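The following exercises concern a sheet and the nonpolar cores of one protein model. Please examine the sequence and structure before reading the solutions.

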Amino acid sequence: MTEPIAFPHLDPSVTPAMREQLLQKLKTLPASPGVYFHKDANGEIIYVGKAAVLKNRVRQYFHKSPKDPKTEALVAEIADTDWIVVDTEMDALFLESEMIKRYMPKWNILLRDDKTVSYVRIDMKSEVPYVSFTRTPQDDKATYVGPFYGKLSVSKALRILRKVFPYYDKPYDGKKTLNTDLGLTPGIEIGKTTPQAYKKNLRKLILYLEGGRHKLLNDLEKQMKAAAKAENFEEAAELRGQLFGLKELQKKIVFSDKEFLDISSDQALTDLQMMLRLPNPPKRIEGYDISHQSGTNVVGSMVVFSNGASDRSEYRKFKLRHQRNDDTANLREVIERRLKHPEWTFPDLVILDGGINQVNAVKDLLDAHQIPVIGRDKSGDHTRNAAVDIIVPQAEQYKNLQLLPNSHIAKLIARIDDEAHRFAITYHTLLKRKNMLK
C-alpha cells in the first residue's frame, strides 16, 4: 500500500496553493531513473538528487515517516519539483553531478558531508597503477575522475568494468591472488601482460569513466580491424573481447551517454534557444578561454557541453604557437585551429570568456560556418559570484544583456565559462611547471 503524501511542516513562503499544485504534480512522477530538482517559493533550485525510480524517491520526501532535522527543514521549503528522465541509473548519477555543479543548491551543501562525495583515483605515473576511491583529491599528479555523489553506484559500475578492463585495486606487490585466478587483475604477476599494456587498458577505462564511451567503441573497432589485417590475431582477439564486453555492458549500465538525455526538460537550453533565436535547443555548446602569465606559457581551452552537461571526452587544449600578451589574437588563433577539425562535431553555440573585443575577433570565422557566438563579459572578475553579463552580436552591433543571477540560463553560461577557465588555468599551470624544471 502506498504511503500517503503529507506536508506536516511548511515554510511561511510556501502557500497552500503551491503545495496543492505540487501534490497534483507528484502524481505524474514516472517510474523511471532520473534527476529531480526541488525548488523554493521563488523558483530557485535548492536541492538536486538522483533516483533509480523517480516516483518512489521523490514521494519519500513528503511521507510522514521520521526525518532528521535538516531534511525536515529542506522539505518545509519545497514549493515545486521538476525532473529529467534518463535511460539508466548511471546516467542519473552523472547528470546529478553536473547539475549540482551548475546550480550549487544550498541544501546539497547543507545536507551533504564529505563521505558522500567520491573520486576515482588512478596514479598513471606509477609503474603498476591501481584503482581506488578518495574523498579528497590531492595535487599529486594522479588522475582523478569525478566527483560522484554516490560511491555505491560507481563501485558497482567499476566491478562490472573490471571484467572488461582488469585492474589492481591495491598497491601491486607481485603476488598471485584469487582475483588473478578470476581474471580481475591484468596478470602481470603471472606474466600474462606487461605494465605498459596494462596502462594502455587503464587509459581506456579512464576514457569510459569520463564519458567517452562512443569514442572508445569506435577506437576499439578500428584497432581490432587493423590488428586482424596485420595478422596480429592474438591482439585482434583481445580487442574483440573488449569490444563485445563493452557492448554487452550497455545493456547493464551506461556512463554519461548524453545523447539520450531528454534535453527538452533542461530549461536552460530552451531559454538559450529563445533568447538567441536559435532554430533548436543547442545540443553542443563549446566554451573557450585563454590563460597565460604576461604573454608566456599561453594556452587556450575548449570545453564541450552536450545537451547541457559537460562532455570531458570532447575537451581540447591548445598550446599557442605565438607567445604574446594579446587575448584577442590568441583567441582568434585557437578558433582558427579548432575550425580546421571538422571531425570534431561543429557546435550549435560558442561561448567565449570575454567581451565585445573577444567576440569581434572571431565572429567572422564562426559566421563562415554559421555558428552563433556570445561572450561572457566578467570585466576581470573570475569569482564564482561574478555577474552573468553577456555580449550578443546583432547585425552590425552588439547587445549587452544582464541575466538574473539565479536564472537557469545564467547558471548554465556561468558553469560553461567557469569550466573553460578552470581547464585553461590547469593547462597553463602544467606548462609553467614543466618549463621551470628545464
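Two strands pair if DSSP finds at least two bridges between them; strands (E, at least two residues) and helices (H or I, at least four) are DSSP runs, numbered from the N terminus. The model is predicted: local features need pLDDT of at least 70, side-chain atom pairs count only at pLDDT 80 or more, and totals for chains, interfaces and linings use all residues. Residues are numbered from 1 along each chain as its sequence is written, and side-chain values use heavy atoms, with hydrogens and water left out.

**Exercise 1.** Determine the order of the strands in the open sheet of three strands.

*Solution.* The order is β5-β4-β6, with antiparallel pairing. Next, consider the edges: β5 (131-134) and β6 each have a single partner strand, so one side of each lacks a neighbour in the sheet. Finally, four bridges join β4 to β5, and Tyr 119 stands opposite Thr 134 in β5.

**Exercise 2.** Identify the elements that give two or more residues to the largest nonpolar core.

*Solution.* A nonpolar core is a set of buried (under 20% relative accessible area, 1.4 Å probe, protein chains only) Ala, Val, Leu, Ile, Met, Phe, Trp, Tyr and Cys residues joined through side-chain atoms within 4.5 Å. The largest has 32 residues. Its contributing elements are β4 (118-122), β6 (143-148), α6 (151-161), α8 (195-209), α9 (213-229) and α10 (233-249). Of these, α8 gives the most, with seven residues. A second, separate core of 24 residues includes Leu 272 and Val 303.

Methods:
Buried means under 20% relative accessible area, exposed over 50%, partly exposed in between (1.4 Å probe, protein chains only).
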